[in-house]
Amino acid sequence: MIPETNDHKALQELDFETDPSFTYHMLPENQRIIGTTDGQEAMLQAIWKVLNTERYEYPIYSWNYGIELKDLYGKNMTYICPELERRIREALSADDRIASLDSFSFSYPRKNAIYVQFVAHTIFGDAEIGKEFENVTV
């Protein structure tokens, strides 16, 4: 229950805090969770998790979580690159710890794969992010 008041000065003096980034520490390459992490490392982990979760696929997550990729598979590269950038921006904009994204670049390490690199400006500092998306091209 939220207390009611007509004292506007008291409301102005309230301090609002952002939730901490303290979370479990994932080791995706080993498929393990060991200990906890916070700050920039937790932020990088959160970005990784969003970019590796298909939106609307898992009932445990809200419909605002993850990225839509399924309908990009098999599309033309001239469509995929700008659309992938837009979808990454949309997926990560839900996190208020991310101020902005820029410096997007795309490369093609092998057939049917796109490697996306960009800079995420977060409350913990700037981070260069790289993510390979497989089976997305004709």
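In strand β4, Ala-120 is the bridge partner of Leu-101. That one pairing is a handy way into this predicted model, since it belongs to a wider pattern: β3, which covers residues 98-107, and β4 pair in the antiparallel sense, with 7 bridges between them. Between these two strands sits a hairpin with 5 residues, and here Asn-112 takes a positive phi near 65°.

On to the next strand along. β4 is also joined to β5 (residues 125-134), this time by 10 bridges, and again the two run antiparallel. Ala-113 finds its bridge partner in β5, namely Glu-134. The link from β4 to β5 is a hairpin of 2 residues. As for β4 itself, which spans residues 113-122, 8 of its 10 residues are buried, so the strand is largely enclosed by the rest of the structure.

It helps to step back to the whole chain at this point. There are 3 helices and 5 strands, and read from the N terminus they come in the order α-β-β-α-α-β-β-β. The chain has 138 residues, and 35% of them count as buried. Taking the contacts between residues at least 6 apart in sequence, 34% join residues at least 24 apart.

A few single residues fill in the picture. Thr-122 is part of strand β4. Its relative accessibility is 10%, under the 20% limit, so Thr-122 counts as buried. The side chain of Thr-122 makes a polar contact of 3.4 Å with the side chain of Gln-40, and it also reaches the backbone nitrogen of Phe-124, at 3.1 Å. Leaving aside residues up to four places away in sequence, Thr-122 touches Gln-40, Met-43, Arg-97, Ile-98 and Ala-99. Gln-40 therefore turns up twice for Thr-122, once as a polar partner and once in the list of residues touched.

Asn-135 makes a contrast with Thr-122: Asn-135 is exposed at 51% relative accessibility, whereas Thr-122 is buried at 10%. Asn-135 is placed in the segment after β5. Along the chain, Asn-135 and Leu-72 are 63 residues apart, yet their C-alpha atoms are separated by 9.0 Å. Not counting residues up to four places away in sequence, Asn-135 touches Tyr-73, Gly-74 and Asn-112. The last of these, Asn-112, is the residue with the positive phi in the hairpin of β3 and β4.

Ile-33 belongs to strand β2, residues 32-37. With a relative accessible area of 55%, which is over the 50% cut-off, Ile-33 is exposed. The residues that Ile-33 touches, again not counting those up to four places away in sequence, are Tyr-24, His-25 and Met-26.

Then there are the empty spaces. The second largest pocket holds about 220 Å³ of space. It is lined by 13 residues, and the closest to its centre are Pro-28, Glu-41, Leu-44, Gln-45 and Trp-48. Elements giving two or more residues to this lining are β1 (23-27), α2 (39-51) and β5. Of these, α2 supplies the largest share, with 6 residues. Sorted by class, the lining of the second largest pocket comes out as 7 nonpolar, 4 polar and 2 charged residues.

Cavities of 30 Å³ or more number 2 in the structure. The largest cavity has a volume of about 40 Å³. Its lining is made by Arg-55, Gly-66, Ile-67, Glu-68, Arg-86, Arg-87, Glu-90 and Ala-91, and by class that gives 5 charged, 2 nonpolar and 1 polar. In the second largest cavity there is about 30 Å³ of space. Thr-53, Glu-54, Arg-55, Tyr-56, Glu-57, Tyr-58, Tyr-61, Ser-62 and Tyr-65 line the second largest cavity, dividing into 4 nonpolar, 2 polar and 3 charged residues. Arg-55 appears in the linings of both the largest and the second largest cavity.

Definitions and conventions
Residues numbered from 1 in each chain as written. Predicted model: local features only at pLDDT ≥ 70, side-chain atom pairs only at ≥ 80, totals over all residues. Heavy atoms only, no water. Buried < 20%, exposed > 50% of the residue type's maximum accessible area, 1.4 Å probe, protein only. Helix = DSSP H or I, 4+ residues; strand = E, 2+ residues; numbered from the N terminus. Pairing = 2+ DSSP bridges. Polar contact = N/O pair within 3.5 Å; in protein donor to acceptor, adjacent residues only side chain to side chain. Contact = heavy atoms within 4.5 Å. 1 Å grid on protein atoms, 1.4 Å probe; cavity = no way out; pocket = protein on both sides within 12 Å on 5 of 7 lines; lining within 4 Å. Points joined across faces, edges and corners; volume = space filled by probe spheres on them. Nonpolar A, V, L, I, M, F, W, Y, C, P; charged D, E, K, R; others polar.
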